[in-house]
Amino acid sequence: MGEILDKYKTVKPEDVKSWFKAAPISAFPKDGGACVKYKDLQIAVFNFERLGTWYACQNLSPEKQEMVLSRGMIGDHKGTPMVACPLHKKIFSLENGENLNGDLDAIATYPVKIDGENVYIGFSE
Ligand code: FES
């Protein structure tokens, strides 16, 4: 199971080498998420409309290793935008992936950009 988690590595904005065209903006619910497949990865992309911001992270919850984070509620934890895993409500920062209410490993996060009508996810390969 560890190998699945190992595929997900945070990409910093300065390390982006390619922008993957994920889907049109209209494919993402306002203030919610959707799962995008990239190679053998599942990436959760969130349209955080209340903040006017987009976020992306691994879809894999590190606890039970289920592909569920795109279905999690997004919100605010002490000023940090976060997603709550729908299974056991562990919450993760959408800015740096940190587990904000426990000691799970941080999840991987990815840059997002909007160009025209489309949403792109940044990868370092
Ligand atoms: S599986 Fe996500 S918090 Fe338990």
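This report walks through the fold, the core, the sheet pairings and a few backbone details of the chain above.

A word on ground rules first. The model is predicted, so to speak of a local feature a pLDDT of at least 70 is needed, side-chain atom pairs count only at pLDDT 80 or more, and totals for chains, interfaces and linings use all residues. Residues are numbered from 1 along each chain as its sequence is written.

## Overall build

The chain has one helix and twelve strands. These are DSSP runs numbered from the N terminus, with helices being H or I of at least four residues and strands being E of at least two. Along the sequence the pattern reads α-β-β-β-β-β-β-β-β-β-β-β-β.

Taken along the principal axes, the C-alpha atoms fill a box of roughly 40 × 30 × 25 Å. The radius of gyration is 13 Å, which agrees with the value near 14 Å for a compact globule of 125 residues. That radius is taken over C-alpha atoms, and the globule rule is 2.2 Å times the number of residues to the power 0.38.

Buried residues make up 32% of the 125. Here buried means 20 or more other C-beta atoms within 10 Å of a residue's own, exposed means 12 or fewer, and partly exposed is in between, with C-beta atoms placed from the backbone. Of the contacts with a separation of 6 or more, 49% are between residues 24 or more positions apart. A contact needs the two C-beta atoms, placed from the backbone, to lie within 7 Å.

## The core

What does the largest nonpolar core hold? It has 26 residues, and those with the most contacts inside it are V45, F46, A56, C57, V83, V112 and I121. Such a core is a set of buried Ala, Val, Leu, Ile, Met, Phe, Trp, Tyr and Cys residues joined through C-beta atoms within 7 Å. At least two core residues each come from β3 (41-48), β4 (53-58), β8, β9 and β12 (118-123). Strand β3 gives the most, with five residues. In soluble globular proteins, nonpolar side chains tend to be buried together.

A56 is worth a click: leaving aside neighbours within four places in sequence, A56 contacts I43, A44, V45, T109, Y110, V112 and I121.

## Sheet and hairpin

Three strands form an open sheet in the order β7-β8-β9, with antiparallel pairing. β7 (73-77) and β9 (91-93) are the edges, each with a single partner strand, so one side of each has no neighbour in the sheet. From one strand to the next, the twist averages 35 degrees. Axes are lines fitted to C-alpha atoms, for helices over the stretch in contact, and angles run from 0 to 180 degrees between N-to-C directions.

Strands count as paired if DSSP finds at least two bridges between them. β8 (residues 80-84) is joined to β9 by three bridges, and V83 stands opposite F92 in β9. Elsewhere, β11 (residues 112-115) and β12 pair antiparallel over four bridges, with D115 bridged to N118 in β12.

## Positive phi

Three residues with positive phi are listed here.

| Residue | Phi | Place |
|---|---|---|
| D31 | near 55 degrees | loop between β1 (18-24) and β2 (32-38) |
| K89 | near 65 degrees | loop between β8 and β9 |
| G116 | near 65 degrees | hairpin of β11 and β12, two residues between the strands |

Are D31 and K89 exposed or partly exposed? D31 counts as partly exposed, with 14 C-beta neighbours inside 10 Å, while K89 is exposed, with 11 other C-beta atoms within 10 Å.
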